[in-house]
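Reader: I'd like a close look at one small part of this model, side-chain contacts included. Could you walk me through it and then place it in the wider fold?

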Amino acid sequence: GDLTFRTNQSPDITPPRVTFSINSGTRYTNNRYVMLFVTAEDDSGTVTKMRFSNHQGRVWSPEHDFNSLWRWLLHEGEGEKRVSVQVKDAAGNWSEMLTQTIIFDTTAPVLSDIIMPGNSSSQISMDFSDNLSGVNTSAIRIYLDNTDISTNMQITGDTISCRVEPSSGSHTVRVYLEDNAGNAKTDEWSFTMERLDSRRVE
């Protein structure tokens, strides 16, 4: 008679593996929409689905067809945000949950304790602060009467100082600040060289 051979194939119970980054691994963002770069592999060779969470897996998005690039909306409110990802293979096995973080910051830096030159002082001085992403000191620019004088600027800790030699009369100082999330602001003040002491601007 005919011989029948049967092959017993073990079911696939091995979960896939996933790695991902938020905005290519940057630490800060000022946009709630971020890009997730997802890489996955599976012993069966097929990763079919993926899902995401802003709540460390307590609440998941619907399942989506696997894609290595995904636009995702962070949970509202400034501060550190956690995004979790899982992927699923063709046999229905879900990977372990992987979580990455990014800091969401939409508030521009702040300047305080501002001192403009007076008749007995040729120093511009001010303090800067940013509570979330920090100030990008390499982006700070200072202008006197629309002339960039940033090469004369010194930054010590969180203090900007710059020595100037303006002529008598009225002048304008403009300072550009940017934080590490890309939030920028420009402040501007006027001063004259006819007072005996440095003038503090409140």
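Author: Let's start with the side chain of S44, which reaches the backbone nitrogen of T46 at 3.5 Å. Keep in mind that this is a predicted model, so treat each distance here as a computed value. The S44 side chain also makes a polar contact with the side chain of D42, at 2.2 Å. So what is S44 part of? The residue sits in the loop between β3 and β4, the latter spanning 47-53.

Now for the surroundings of S44. If you set aside the neighbours within four places in sequence, S44 is in contact with D12 and D89. T14 is 30 residues away from S44 along the chain, yet their C-alpha atoms are separated by 8.7 Å. Is S44 buried, exposed or something in between? With a relative accessible area of 41%, S44 is above the 20% that would make a residue buried and below the 50% beyond which a residue is exposed, so S44 counts as partly exposed.

Step back along the chain and you get to β3, residues 33-41. This strand belongs to an open sheet of 3 strands, ordered β1-β3-β6 and paired antiparallel. The edges are β1 (17-22) and β6 (69-73), each of which pairs on one side only. From one strand to the next, the twist averages 30 degrees.

On one flank, β1 and β3 run antiparallel and are joined by 6 bridges. On the other, β3 and β6 pair in the antiparallel sense over 5 bridges. F37 is a handy landmark: S21 stands opposite F37 in β3, while the bridge partner of F37 in β6 is L69. Y33, for its part, stands opposite L73 in β6. As a reminder, strands of a sheet pair through backbone hydrogen bonds.

Zooming out, the protein chain has 17 strands and 0 helices. Its C-alpha atoms fill a box of roughly 115 × 30 × 25 Å along the principal axes. The radius of gyration is 28 Å, whereas a compact globule of 202 residues would come in near 17 Å. Buried residues make up 37% of the 202 residues. Among contacts with a separation of 6 or more, 60% link residues 24 or more positions apart. As for the surface, the protein chain exposes about 11,900 Å², with carbon and sulfur atoms supplying 43% of it.

Terms used. Residues numbered from 1 in each chain as written. Predicted model: local features only at pLDDT ≥ 70, side-chain atom pairs only at ≥ 80, totals over all residues. Heavy atoms only, no water. Pairing = 2+ DSSP bridges. Helix = DSSP H or I, 4+ residues; strand = E, 2+ residues; numbered from the N terminus. Axes fitted to C-alpha atoms, helices over the stretch in contact; angles between N-to-C directions. Rg over C-alpha atoms; globule rule 2.2 N^0.38 Å. Buried < 20%, exposed > 50% of the residue type's maximum accessible area, 1.4 Å probe, protein only. Contact = heavy atoms within 4.5 Å. Areas by Shrake-Rupley, 256 points an atom, 1.4 Å probe, with all protein chains shown as cover. Polar contact = N/O pair within 3.5 Å; in protein donor to acceptor, adjacent residues only side chain to side chain.
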